[in-house]
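Please open the model in your viewer and keep the selection tool at hand. The stops below can be followed in the order given.

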Amino acid sequence: MNNKVSEQIYPIILLEEVTKESFFKTTLQFPDNLLLAQMLGDHDRFLVQIENELQVTLGCRGNLLTIEGDIQQVELTKKVLTNLYAHIHSKNEINSTIVNNFIRMAYNGLLTILYPSKKKETSESMGNTIISSIPTITMRKGIISPRTKGQADYLKVLTKSEMVFGIGPAGTGKTFLAVAQAVSMLLSGQVDRIILSRPAVEAGERLGFLPGDMKDKIDPYLRPLYDALYAMMPGDQVIKRLTNGEIEVAPLAFMRGRTLEHAYIILDEAQNTTPAQMKMFLTRLGAGSRMVITGDLSQIDLPPMIKSGLKDAVDTLYSVPGIKIILFKAEDVIRHPLVNQIVKAYEKQSDKIKLKSENNKT
């Protein structure tokens with residue numbers, strides 16, 4: 001943690017003025033020059049990133065930072081800068097991905113401008129202020145908060161609903177957030193165990209014979225679920241809970257004939273289930289349990305003539321009370337910014353093919 005040169009944490013708005021038609025200028029005064037320099041980055045690289053993404057002009061002299069541009073963009077920039085500064089003060093970390101995440105959160109209405117409070121602020125209370133208006137998951141390693149509107153909607157239903165479908169492209173956090181909610185509920189005693197499952201379907205290529213016992217053969221298909229667990233808990237805790245049965249990772253075929261009570265159950269890659277498999281899985285839900293089904297309907301690896309069980313379930317259950325369906329978009333992708341552009345390009349290409357097919361029919 002950086003040393004504080006002032007008890008005040010948030011920047012002060014010194015001046016706001018209209019420079020010309022629809023253009024606005026704001027001057028912020030930051031209490032700590034070192035934190036401000038850290039926020040701007042080496043050779044002002046984060047400052048340039050913010051300027052390019054938000055279409056504003058930024059200028060820095062001493063501990064004063066000016067923002068100039070369209071009034072809406074200036075307001076967004078104030079949200080990004082005040083929250084980013086508070087994040088650095090609390091976490092002492094910043095990189096281009098973090099900056100991009102805060103910009104995305106501002107565009108999605110998940111940030112408010114942070115002003116100085118009359119009472120003495122602490123790093124802990126400051127962190128609570130940042131996240132007070134959005135749903136979060138509290139973990140021993142810290143607080144997990146949404147970075148997009150889609151994720152915020154998803155977290156809201158994860159905390160309230162017994163059955164949730166999270167559908168959308170890779171990188172939207174569907175499985176990660178579901179596992180985080182599962183671990184949080186397990187550690188707080190709201191459920192007795194976590195069950196993570198996936199259909200064992202090859203992703204477009206033939207892997208051939210896999211050596212080893214049954215566990216060795218199915219583990220490659222379940223690796224992403226293990227990765228999510230290790231991101232949430234210390235490795236020794238994961239191993240201990242896997243050994244004593246509090247956490248179970250198993251292929252979908254192992255779910256048949258079971259009733260799963262007081263458990264948090266997640267089915268990942270659900271687009272690769274058949275309708276019969278999906279019905280079998282959904283009817284495993286027992287008393288005191290929660291169930292989350294995640295998948296990407298653009299990544300179906302089933303034979304062409306077999307309908308996806310995920311698509312069939314959404315078509316069948318969309319109006320059933322108590323079941324919530326969240327549809328993620330390309331804008332919710334939170335991996336490398338290029339991934340977002342790749343997803344959008346493929347979606348655009350898919351729309352062109354659909355349109356061409358419909359025109360040929362007519």
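**A walk through the sheet and its helices**

In this predicted model, begin by selecting strand β7 (residues 163–167) together with strand β11 (residues 290–295), which run parallel and are joined by five bridges. Within this pair, highlight Phe165, whose bridge partner in β11 is Ile293.

Now widen the selection to the open sheet of six strands, where the pairing is parallel and the order reads β9-β8-β10-β11-β7-β12. At its edges you will find β9 (247–251) and β12 (323–327), each of which pairs on one side only, and from one strand to the next the twist averages 15°.

Next, add helix α7 (residues 174–187), which packs on the sheet and touches β7, β8 (193–198), β9, β10 (263–267) and β11, its direction making about 170° with that of β10. Helix α10 also packs on the sheet, where it touches β7, β10 and β11, and its direction makes about 155° with that of β11.

Keep α10 (residues 275–282) selected and add helix α11 (residues 309–317), since the two pack at an angle of about 60° with their axes 8 Å apart, in a crossing that is right-handed. Here Pro275, Met278 and Leu282 of α10 meet Gly309, Leu310, Asp312, Ala313 and Leu317 of α11, a contact with six nonpolar residues, one polar and one charged.

For the last stop, select Leu58, which lies in strand β3 (residues 57–61). Is Leu58 buried or exposed? Leu58 counts as buried because its relative accessibility is 10%, under the 20% cut-off. Leaving aside residues up to four places away in sequence, Leu58 touches Leu47, Ile50, Glu51, Thr66, Ile67, Thr77 and Leu81.

Key. Residues numbered from 1 in each chain as written. Predicted model: local features only at pLDDT ≥ 70, side-chain atom pairs only at ≥ 80, totals over all residues. Heavy atoms only, no water. Axes fitted to C-alpha atoms, helices over the stretch in contact; angles between N-to-C directions. Helix = DSSP H or I, 4+ residues; strand = E, 2+ residues; numbered from the N terminus. Left-handed = near helix turned anticlockwise from the far one by under 90°. Contact = heavy atoms within 4.5 Å. Nonpolar A, V, L, I, M, F, W, Y, C, P; charged D, E, K, R; others polar. Buried < 20%, exposed > 50% of the residue type's maximum accessible area, 1.4 Å probe, protein only. Pairing = 2+ DSSP bridges.
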